[in-house]
Amino acid sequence: QVRLVESGGGLVQEGGSLRLSCAASGSFYSIDTMGWYRQAPGMQRELVCSMPRVGNSYCADSLKGRFTISADNAKDTVHLQMNSLSPEDTADYYCYANGLTHYWDPGTMTWGHGARVTVSS
């Protein structure tokens with residue numbers, strides 16, 4: 001079972017930057033994908049960025065150029081660097097991980113508890 005611990009949320013002024021981190025721990029064979037979703041008040045949860053263990057990372061088109069995801073596979077950790085933040089980026093950011101118990105396992109999604117990001121104007 002995968003456990004996720006998020007860190008790095010907080011309050012930042014418009015135009016500022018924040019870096020979120022998410023560390024996975026627990027008992028699992030492997031994690032094949034980690035990433036971030038976000039949910040603004042009154043809005044649906046949306047994909048921000050994802051990082052497969054093998055292959056290229058992905059960030060939503062609207063966020064490319066401002067948001068970047070990186071990973072430390074040895075530590076099962078992903079980081080989300082957010083630059084040029086605007087009040088529209090205010091949301092709860094949820095880390096997720098698809099953990100495998102065996103190599104043939106399609107995986108099980110696990111969610112973090114969320115990191116609140118507030119951007120003031």
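## Reading a predicted all-strand chain and its cavity

Mentor: Let's start with overall size: the protein chain has a radius of gyration of 14 Å, which agrees with the value near 14 Å for a compact globule of 121 residues. The radius is taken over C-alpha atoms, and the globule rule is 2.2 Å times the number of residues to the power 0.38. This is a predicted model, where local features need pLDDT of at least 70, side-chain atom pairs count only at pLDDT 80 or more, and totals for chains, interfaces and linings use all residues. Residues are numbered from 1 along each chain as its sequence is written, and side-chain values use heavy atoms, with hydrogens and water left out.

Trainee: How many helices and strands does the protein chain have?

Mentor: Helices (H or I, at least four residues) and strands (E, at least two) are DSSP runs, numbered from the N terminus. Here there are zero helices and eleven strands.

Trainee: What share of the contacts with a separation of 6 or more joins residues 24 or more positions apart?

Mentor: A contact means heavy atoms within 4.5 Å. In the protein chain that share is 56%.

Trainee: Now for empty space. How many cavities of 30 Å³ or more does a search of the whole structure find?

Mentor: Rolling a probe the size of a water molecule over the atoms shows where empty space is left. On a 1 Å grid over the protein atoms alone, a cavity is a set of points where a 1.4 Å probe fits but cannot get out; lining residues have an atom within 4 Å of a point. Points are joined across faces, edges and corners, and the volume is the space filled by probe spheres set on them. The search finds one such cavity, with a volume of about 80 Å³. Of its 13 lining residues, Ile31, Met34, Met51, Arg53 and Asn73 are the closest to the centre.

Trainee: Which strands each supply at least two residues of that lining?

Mentor: Strands S4 (30-39), S5 (46-52), S7 (67-72) and S8 (77-82) do. S4 gives the largest share, four residues.

Trainee: And how does the lining divide by residue type?

Mentor: Ala, Val, Leu, Ile, Met, Phe, Trp, Tyr, Cys and Pro count as nonpolar, Asp, Glu, Lys and Arg as charged, and the others, Gly among them, as polar. This lining has six nonpolar, three polar and four charged residues.

Trainee: Let me try one residue. Is Ser86 buried or exposed?

Mentor: Buried means under 20% relative accessible area, exposed over 50%, partly exposed in between (1.4 Å probe, protein chains only). Ser86 counts as buried because its relative accessibility is 15%. Ser86 sits in the loop between S8 and strand S9 (91-100) and touches Glu14, Arg66 and Val119, leaving aside residues up to four places away in sequence.

Conventions: 1 Å grid on protein atoms, 1.4 Å probe; cavity = no way out; pocket = protein on both sides within 12 Å on 5 of 7 lines; lining within 4 Å.
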